[in-house]
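The following exercises are intended for a reader new to this structure. Each task is followed by a solution in steps.

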Amino acid sequence: MPVRLSRAVLGICITLIAFAYSVWAETEHKLPDWATLRSVPAIEQALQDTSLVQALNKRKLAENSSGSSLTSQIFAVLFPGSPAVNALLATLYISGPPNFLLALCPPNIDPSSLSVMVAFAVGGLLGDTLFHLLPEIFLGEDAPDHVRFVMVEPNKNLLLGVAIMGGFVTFVAMDKTLRIATGGEDPHDHGHGHSHANGKADETEKASASGTDSLSADSVRSRKQPATSVSARKEKKDETNEINPSVKLGGILNMIADFTHNITDGLALSSSFYASPALGATTTVAVFFHEIPHEVGDFALLIQSGFSKRAAMGAQFVTALGAFLGTVIGITIQELGGRSSDGGIGDEVGIMGTSLSWGDMLLPFTAGTFLYVGTVAVIPELLETGKDKGQEVRKTLMQFAAMAAGAGIMFT
């Protein structure tokens with residue numbers, strides 16, 4: 001009898017212990033109700049409260065306790081404010097120095113001499129797009145103090161891809177429109193206007209060279225003519241070498257294209273800073289290195305189109321205002337588009353039932369424009385070659401080295 005009683009008591013104790021453990025486990029690891037998981041930030045927060053994720057966070061903090069790098073410290077000094085303030089500062093950085101450099105450029109600068117600098121800018125622009133922008137768009141930015149999870153939503157990646165293609169096609173349409181307006185000429189070809197501007201002069205030189213022998217006697221007699229007739233012929237020759245109206249139109253249309261391009265730069269800066277400070281800083285560096293050869297090349301084209309040096313610098317300053325306009329537009333879209341710092345939109349449903357808001361579509365749109373500028377708009381200029389094979393091989397090696405250097409800066 002006592003043995004049976006002790007077994008019964010032991011069974012009751014085991015049952016009570018098991019019940020208590022199940023209650024403790026349920027209260028400790030209980031998942032929130034589905035009604036509270038209506039947005040990506042809520043799901044992220046629920047995951048952060050689990051013991052497994054908290055252990056991963058402690059490990060990550062221990063591994064990253066070595067301190068910030070020199071680059072991050074410099075970025076913290078250059079961009080100390082909110083995303084809106086940092087975007088405006090970045091726009092000032094990319095617009096001011098390149099335009100002031102134009103004062104040091106000679107009016108007769110050859111745009112083809114900028115090929116190595118253009119290759120460096122292409123490497124930086126494509127490096128920022130492929131290393132930073134696209135991973136940020138689809139996967140998000142890493143957090144320094146906790147682990148992050150990627151939420152795969154129906155239609156989200158599709159919408160992001162549509163926005164990237166929209167930015168690419170928008171620049172295709174703009175470039176095509178400008179080529180139609182210029183009669184099939186490439187408005188971005190910095191050497192094109194120069195050849196047209198001097199076309200009549202070249203024809204005149206060829207004609208005079210072919211008739212040198214027959215006019216030798218006339219040339220001897222012309223030395224005995226008064227100086228006034230010589231100056232009159234010089235003025236007449238200057239009149240025949242006036243800038244072709246189509247070249248002037250090409251310069252003006254290039255200003256319009258430059259203004260539009262600067263708007264997209266401002267959109268890219270604002271959207272990247274609202275995504276993360278690190279992404280905004282790297283985008284600023286990429287745009288800055290791209291703007292220097294771009295501004296110098298457009299400056300040379302305006303000179304060839306008949307602008308004076310002061311007028312060309314003023315025109316480039318006006319087009320630089322497009323970057324500020326794009327930044328303001330981007331800030332407005334981000335503030336009114338409902339994008340939160342955690343990448344969600346609160347308890348509301350976004351585009352096509354996803355967590356995406358209209359502000360989230362701005363970064364992939366600008367990534368599409370960067371892809372166009374870094375490939376279609378610039379690469380053909382690097383593919384141009386001359387007849388001297390040895391010189392072109394050396395030039396190509398320098399261009400590839402410069403492109404690798406630009407991409408390497410974005411990789412670090």
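**Exercise 1.** Which residues of α14 are buried?

*Solution.* The model is predicted, and the assignment rests on a cut-off: a residue counts as buried when its relative accessible area is under 20%. Applied to α14, this yields Ala 312, Ala 315, Gln 316, Thr 319, Ala 320, Gly 322, Ala 323, Gly 326, Thr 327, Gly 330, Ile 331 and Gln 334. A general property of helices is useful when reading such a list: an α-helix has 3.6 residues a turn, so residues three or four places apart point the same way.

**Exercise 2.** Determine what span helix α14 should have, and compare it with the distance between its end C-alpha atoms.

*Solution.* Helix α14 covers residues 309-336, which is 28 residues. At 1.5 Å a residue, the expected span is 40 Å. The end C-alpha atoms lie 42 Å apart, which agrees with that expectation.

**Exercise 3.** State with which residues Asn 99 is in contact, leaving aside its neighbours within four places in sequence.

*Solution.* First, locate the residue: Asn 99 belongs to helix α5, residues 83-101. Next, consider its exposure: with a relative accessible area of 11%, Asn 99 is buried. Finally, list the partners: Asn 99 touches Glu 295, Met 313, Gln 316, Phe 317 and Ala 320. Among these, Gln 316 and Ala 320 also appear in the list of buried residues of α14.

**Exercise 4.** Identify the salt bridges and describe the exposure of the residues that form them.

*Solution.* The count comes to two salt bridges.

1. Glu 153 and Lys 156 are joined through their side chains, with an N to O distance of 3.8 Å. Since its relative accessible area is 16%, Glu 153 is buried. Lys 156 also counts as buried, at 17% relative accessibility.
2. Arg 179 pairs with Asp 175, where the closest N and O atoms are 3.3 Å apart. Because the two residues are four places apart in helix α7, about one helical turn separates Arg 179 from Asp 175. Asp 175 is buried at 3% relative accessible area, whereas Arg 179 is partly exposed at 31%.

**Exercise 5.** Name the residues that form a nonpolar patch on the surface, and place Val 150 within the chain.

*Solution.* The patch consists of Phe 138, Leu 139, Val 150 and Val 152, which together have about 400 Å² of accessible area. Val 150 sits in the loop between α6 (115-139) and α7 (156-181). Its relative accessible area is 48%, so Val 150 is partly exposed.

**Exercise 6.** Is Lys 60 buried or exposed, and how far apart are the C-alpha atoms of Lys 60 and Val 147?

*Solution.* Lys 60 lies in helix α3, residues 51-63. At 12% relative accessible area, Lys 60 is buried. Although Lys 60 and Val 147 are 87 residues apart along the chain, their C-alpha atoms are separated by 7.5 Å.

**Exercise 7.** Where does UniProt place the feature "transmembrane region", and how much helix is found over residues 158-174 and over residues 362-383?

*Solution.* The unreviewed UniProt entry gives residues 114-138, 158-174, 311-333 and 362-383. Residues 158-174 are 100% helix and 0% strand, with end C-alpha atoms 24 Å apart. Residues 362-383 are 82% helix and 0% strand, with end C-alpha atoms 31 Å apart. For the protein as a whole, the totals are 17 helices and zero strands.

Definitions and conventions: Residues numbered from 1 in each chain as written. Predicted model: local features only at pLDDT ≥ 70, side-chain atom pairs only at ≥ 80, totals over all residues. Heavy atoms only, no water. Buried < 20%, exposed > 50% of the residue type's maximum accessible area, 1.4 Å probe, protein only. Patch = residues over 30% accessible without salt bridge, like charges linked within 9 Å, V, L, I, M, F, W, Y side chains within 5 Å. Areas by Shrake-Rupley, 256 points an atom, 1.4 Å probe, with all protein chains shown as cover. Salt bridge = Lys/Arg side-chain N within 4 Å of Asp/Glu carboxyl O. UniProt positions renumbered as here; feature names shortened; annotations may be inferred. Expected span 1.5 Å × (residues − 1). Contact = heavy atoms within 4.5 Å.
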